[in-house]
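Welcome! Below are some short exercises, each followed by a worked solution. Try each task on your own before reading on.

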Amino acid sequence: MQMLKVEHVTKYYDKILAVDDLSFTVNDGEIFGLLGVNGAGKTTTFRMIIGLLDMTHGSITLNGQKINYDITNQIGFLTEERSLLTKLTVKEQVCYYGVLKGMKEKDILVKLDYWLKRFHIEQYKNRKIKELSKGNQQKIQFITAIINEPKLLILDEPFTGLDPINVEQFMEVIREFKEKGSSIIFSSHRMEHIEQFCEKLVILVKGQSVLEGNLSLIKKEYRKKNIHVIGDVDKKLLEKIDGVIKIEENANEMIIKISDETVIEKVFDVVKKGSNIQKFIVEEPTLNEIFLSKVGETYEG
Ligand code: ATP
């Protein structure tokens, strides 16, 4: 089922074009990644989705319905500017937002205890938010976004400032929401976060989509591959193979970039003649490589 539908959305701030004819859909149970450098238009897109900002052209619907106050109960949102009410206690903050989303205080408190325990921060329940570390504040922000078990969860740069253990913890929770059928859309400027995690994505450059679709299809269609080899192999022989684009040497490993999978066997024939071979692995290109080849400029993510 189609959940969120963004169609030909354009946004101008006066004369500044922030989002340019952007279209994508996010289905139930999908994790969708919105990727782009600073200023690419991610936050603007999110603000339009939740109705905080009017679009100049286009349409955004959730299950066929325009997004308005009536359906915000189904949405959870983690903003980039981290809108915590820092003088409140953790409990007060989460209750405040939960009630705004139509929940009963009793239910909020049960869920709050569960999430605080899950994130190992039960001891902060009655502490003021401003007394918490940045990472813990982010956890509270995240709990606030998910307390109503939203059908659509929008996360603007959720991993910024988190250590790897907490990134993994957030990812685990997000995957659980996916399993329960929620649609999740999140932004990042880090390719590897998107790569680990999303089946669908859009890459924005100056408000425009430059790469869009299903991640595994994107990788399949981009026919180039990388072969990683460890061992004593004649590099000159490899370079002579038709279809070998480039060979990079990285510590004791060779990365042979090939034009398509028909070249694998030819490379293998040369590698076989070498000695002390410890590794021969064919890998899909990284999202970063595909992106760079599309855009042809350095991505400062
Ligand atoms: P970041 O990763 O830095 O948050 P972003 O991808 O979220 O960036 P946006 O904040 O959506 O990007 O900004 C997109 C463009 O719109 C930028 O050129 C920005 O300068 C411009 N912009 C954003 N908000 C406004 C505003 N209120 N008034 C005028 N221009 C704006």
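**Exercise 1. Decide whether D28 is buried, partly exposed or exposed, and say where D28 lies.**

Step 1. Learn the cut-offs: buried means under 20% relative accessible area, exposed means over 50%, and partly exposed is in between (1.4 Å probe, protein chains only).

Step 2. Apply them: D28 has a relative accessible area of 32%, so D28 is partly exposed.

Step 3. Find its place: D28 lies in the loop between β2 (16-27) and β3. Helices (H or I, at least four residues) and strands (E, at least two) are DSSP runs, numbered from the N terminus.

Step 4. Look across the chain: the C-alpha atoms of D28 and I247 are separated by 42 Å, and these residues are 219 apart along the chain.

A word on the source: this is a predicted model, in which local features need pLDDT of at least 70 and side-chain atom pairs count only at pLDDT 80 or more, while totals for chains, interfaces and linings use all residues. Residues are numbered from 1 along each chain as its sequence is written, and side-chain values use heavy atoms, with hydrogens and water left out.

**Exercise 2. Describe the chain as a whole.**

Step 1. Count the elements: the chain has 10 helices and 14 strands.

Step 2. Box it in: along the principal axes, the C-alpha atoms fill roughly 70 × 45 × 35 Å.

Step 3. Ask about burial: of the 301 residues, 49% count as buried.

Step 4. Turn to the surface: about 15400 Å² is exposed, and carbon and sulfur atoms supply 49% of it. These areas come from the Shrake-Rupley method with a 1.4 Å probe; for residues, only the protein chains shown count as cover.

Step 5. Check the contacts (heavy atoms within 4.5 Å): among those with a separation of 6 or more, 68% link residues 24 or more positions apart.

**Exercise 3. Give the strand order of the sheet that contains β3, and name its edges.**

Step 1. Use the pairing rule: two strands pair if DSSP finds at least two bridges between them.

Step 2. Read off the order: this open sheet of 6 strands runs β6-β7-β8-β3-β9-β10, with mixed pairing.

Step 3. Find the edges: β6 (75-78) and β10 (208-214) each pair on one side only. From one strand to the next, the twist averages 10 degrees.

Step 4. Zoom in on one pair: β7 (residues 152-155) and β8 (residues 183-188) are parallel and share 4 bridges. Here L153 has I184 in β8 as its bridge partner.

Step 5. Add the helices: α5 (residues 164-179) lies across β3 (31-35), β7 and β8, at about 145 degrees to β8. Helix α10 (residues 287-295) also packs on the sheet, where it touches β9 (200-205) and β10, and its direction makes about 140 degrees with that of β10. For such angles, axes are lines fitted to C-alpha atoms, for helices over the stretch in contact, and the values run from 0 to 180 degrees between N-to-C directions.

**Exercise 4. Explain why β13 is largely enclosed by the rest of the structure.**

Step 1. Place the strand: β13 belongs to an open sheet of 4 strands in the order β12-β13-β11-β14, with antiparallel pairing. The edges are β12 (244-250) and β14 (275-283); each has a single partner strand, so one side of each lacks a neighbour in the sheet.

Step 2. Examine one partner: β11 (residues 225-232) pairs with β13 (residues 253-258) over 6 bridges. In this pairing H228 stands opposite I255, and I230 stands opposite E253.

Step 3. Examine the other: 6 bridges join β12 to β13, with E248 opposite I255. These two strands form a hairpin with 2 residues between them, and A251 in the turn has a positive phi of about 50 degrees.

Step 4. Check both faces: E253, I255 and K257 are buried on one side, and M254, I256 and I258 on the other.

Step 5. Conclude: 6 of the 6 residues of β13 are buried, so the strand is largely enclosed.
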